[in-house]
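Subject: A structure to look through, with notes

Dear colleague,

I am handing over the structure we spoke about, and below it I have set out what was found in it. Please keep the model open beside the text while you read.

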Amino acid sequence: MTPDKPQWLELFAEVVTTGLCTGCAACVVACPHDVLGYDDAQGLYRPFHVEADGGPTDCTHGQRGCTMCTRACPRFRTWEPEIDVHRVGRERRDDEVAGVGDVVLARALDPEVAATGQDGGFVSALLIHALAHDLIDAALVSGREGDGTSWRAVPAVVRTRDEVLAAAGSRYTYSANLLAYPEAVAGGAERLALVGMGCAASAPGAMQARKAGKIARRLVLSIGLLCSKTFDDAIFPELFEARYGLARADIAKMNIKGAFRVTTRDGQRHDIPLREAHDFTRTGCVMCPDFAAEHADLSAGGIGALDDWTLVVVRTELGRSLLDALVAAGAVETRPAHEDPRALALLARLARASRTRWPDWADAHPGRTGAPAS
Ligand SMILES: Cc1cc2nc3c(=O)[nH]c(=O)nc-3n(C[C@H](O)[C@H](O)[C@H](O)COP(=O)(O)OP(=O)(O)OC[C@H]3O[C@@H](n4cnc5c(N)ncnc54)[C@H](O)[C@@H]3O)c2cc1C
Ligand code: SF4
Ligand code: SF4
């Protein structure tokens, strides 16, 4: 190891064991020697190093100069300003608490896409458009395990409209969508969109800013999901079922709108106070400073006053050109964000609150920009 060639040794010590690790799996899929595994048992969601090539804390390839895992990691050292500068040409200003970008409200015009999507179906409309117009070969999303009744979110590759729609909607447990990367590449995909919360949506930018090779070039589009936290799978048996009698198999849809809004297959809605869900917060989210998926090309959320619209933050030139193309093609309609001032205020408030999570002992950038949370 040399100080300017940080490898698994440094990643393990500075990110994995300190709690900064979100479990995004960027290091796992970027590792060129396949010596990183991913442990998602019992809510852990952490990378680990195989014993044979340096033990759990060090890497023999890293000792010889490989640095790919630290190049890929969107929580390593000065990740935020590095990715900002790469993506938008400058660091964000202190008042840009939700990252750089313009906000707009959008919804899919295709009734099936609008009805299937979590909010306005914007993300699915975007993926369907990008696939149909040969802008991407495939997308890395979160599918549902089996017939979906377990509500277990699993990384998945989608290549068609039907596959996009089958994966639409939100699951609030974790899905490291990057883990679907090897399957997409094995299927011949060279241009990939990645859908993910801020933790994952920053990975393409980290990899591109630090020149992490082929994977950086293949992740051509990053679609972010606004996110305060994800929950351990234990939330199903221990909260929904034990306290409210809601079995997973009976749940038709879940959304977070001030409360956990659970709709069962019989059409009944059950609002569960968010404070009851806090005990089930996934460990990897506790220090995450990025509510607004700040390094995506487009970030999407459901904090608008109108349930069937997606709040979209347009962050890059690519994001802007895609939104324009979607509107021109009649795939989505938009309305100005100032029509929903409450959503704009909430975006700023939630983004500011998340930034206070970044610990003082870590690199100085996230969490020290923006005014204190109100
Ligand atoms: C864990 C989580 C937490 C969220 N928290 C908030 C929040 O606090 N505030 C807010 O405004 N919005 C939040 N969102 C975003 C919101 O739920 C919608 O995803 C967003 O508004 C886009 O809606 P849509 O109708 O355009 O998306 P859709 O067209 O329904 O597409 C959604 C996409 O998200 C993918 N996806 C679903 N679940 C997961 C998962 N667990 N991990 C990774 N990808 C997934 C799907 O595969 C699909 O591609 C959260 C989303 C998730 C997944
Ligand atoms: S140093 Fe290289 S080989 Fe070792 S874990 Fe990191 S990316 Fe993989
Ligand atoms: S944050 Fe992601 S890339 Fe960084 S160590 Fe954790 S899993 Fe790996």
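I would like to begin with strand β12, where T310, V312 and V314 point one way while L311 and V313 point the other way, and where all of these residues are buried. This pattern fits a general rule, namely that in a regular strand the side chains alternate between the two faces of the sheet. Strand β12 is mostly covered, since five of its five residues are buried. Please bear in mind throughout that this is a predicted model, and that what I describe was computed from it.

Which strands pair with β12? One of them is β3, which pairs with β12 (residues 310-314) in the antiparallel sense over five bridges, and another is β11, which runs antiparallel to β12 and is joined to it by four bridges. If you wish to follow the pairing residue by residue, you will find that D102 stands opposite V314 and that L105 stands opposite L311, whereas on the β11 side the bridge partner of G301 is again L311 in β12.

Strand β3 has a further partner, for it also pairs in the antiparallel sense with strand β13 (residues 332-336), again over five bridges, and there R107 stands opposite E333. Six of the seven residues of β3 (residues 102-108) are buried, so this strand is largely enclosed by the rest of the structure.

Stepping back to the whole chain, the secondary structure comes to 16 helices and 13 strands. The radius of gyration is 20 Å, close to the 21 Å that the globule rule gives for 374 residues, so the chain is as compact as a globular protein of that length. Its C-alpha trace spans about 55 × 50 × 45 Å along the principal axes, and 49% of the 374 residues count as buried. Among the contacts with a separation of 6 or more, 69% are between residues 24 or more positions apart.

The domain assignment divides the chain into domain 1 (103-232 + 281-355) and domain 2 (235-280), and the C-alpha centres of these two domains lie 23 Å apart. Eleven residues from domain 1 and twelve residues from domain 2 take part in the contact. On the domain 1 side, the residues that touch domain 2 are, by class, three nonpolar, seven polar and one charged.

Next come the ligands, which I take in order.

Ligand 1 has 33 residues around it, of which G117, S124, V141, S142 and G301 come nearest; G301 is the residue of β11 that you have already met as the bridge partner of L311. At least two residues of this shell come from each of α7 (122-132), β4 (138-144), β6 (192-197) and β11 (298-301). By class, the shell holds 15 nonpolar, 16 polar and two charged residues.

Ligand 2 has 13 residues around it, and C31, C59, G62, C66 and C69 come nearest. The elements that give two or more residues to this shell are α3 (60-63) and α4 (68-72), and by class it has eight nonpolar, five polar and no charged residues.

Ligand 3 is surrounded by 14 residues, the closest being C21, C24, A26, C27 and C73. Both α1 (8-16) and α2 (26-30) supply at least two residues of the shell, and the largest share, three residues, comes from α1. By class there are eleven nonpolar, two polar and one charged residues. As for α1 itself, its buried residues are W8, E10, L11, F12, V15 and V16, and these pack against α2, β2 (46-49), α3 and α4.

Finally, is L178 buried or exposed? This residue is found in the loop between α8 (161-166) and α9 (181-186), and with 27 C-beta neighbours inside 10 Å it counts as buried, because the cut-off for a buried residue is 20 or more. Leaving aside residues up to four places away in sequence, L178 touches C24, A25, A26, V29, L140, L194, A200 and A203; among these, C24 and A26 are also listed with the closest residues to ligand 3. L178 and A203 are 25 residues apart in sequence, and their C-alpha atoms are 9.0 Å apart in space.

With best wishes

How values were computed:
Residues numbered from 1 in each chain as written. Chains lettered and ligands numbered in written order. Predicted model: local features only at pLDDT ≥ 70, side-chain atom pairs only at ≥ 80, totals over all residues. Domains from an automatic or database assignment. Contact = placed C-beta atoms within 7 Å. Nonpolar A, V, L, I, M, F, W, Y, C, P; charged D, E, K, R; others polar. Near = placed C-beta within 6 Å. Rg over C-alpha atoms; globule rule 2.2 N^0.38 Å. Buried ≥ 20, exposed ≤ 12 C-beta atoms within 10 Å, placed from the backbone. Pairing = 2+ DSSP bridges.
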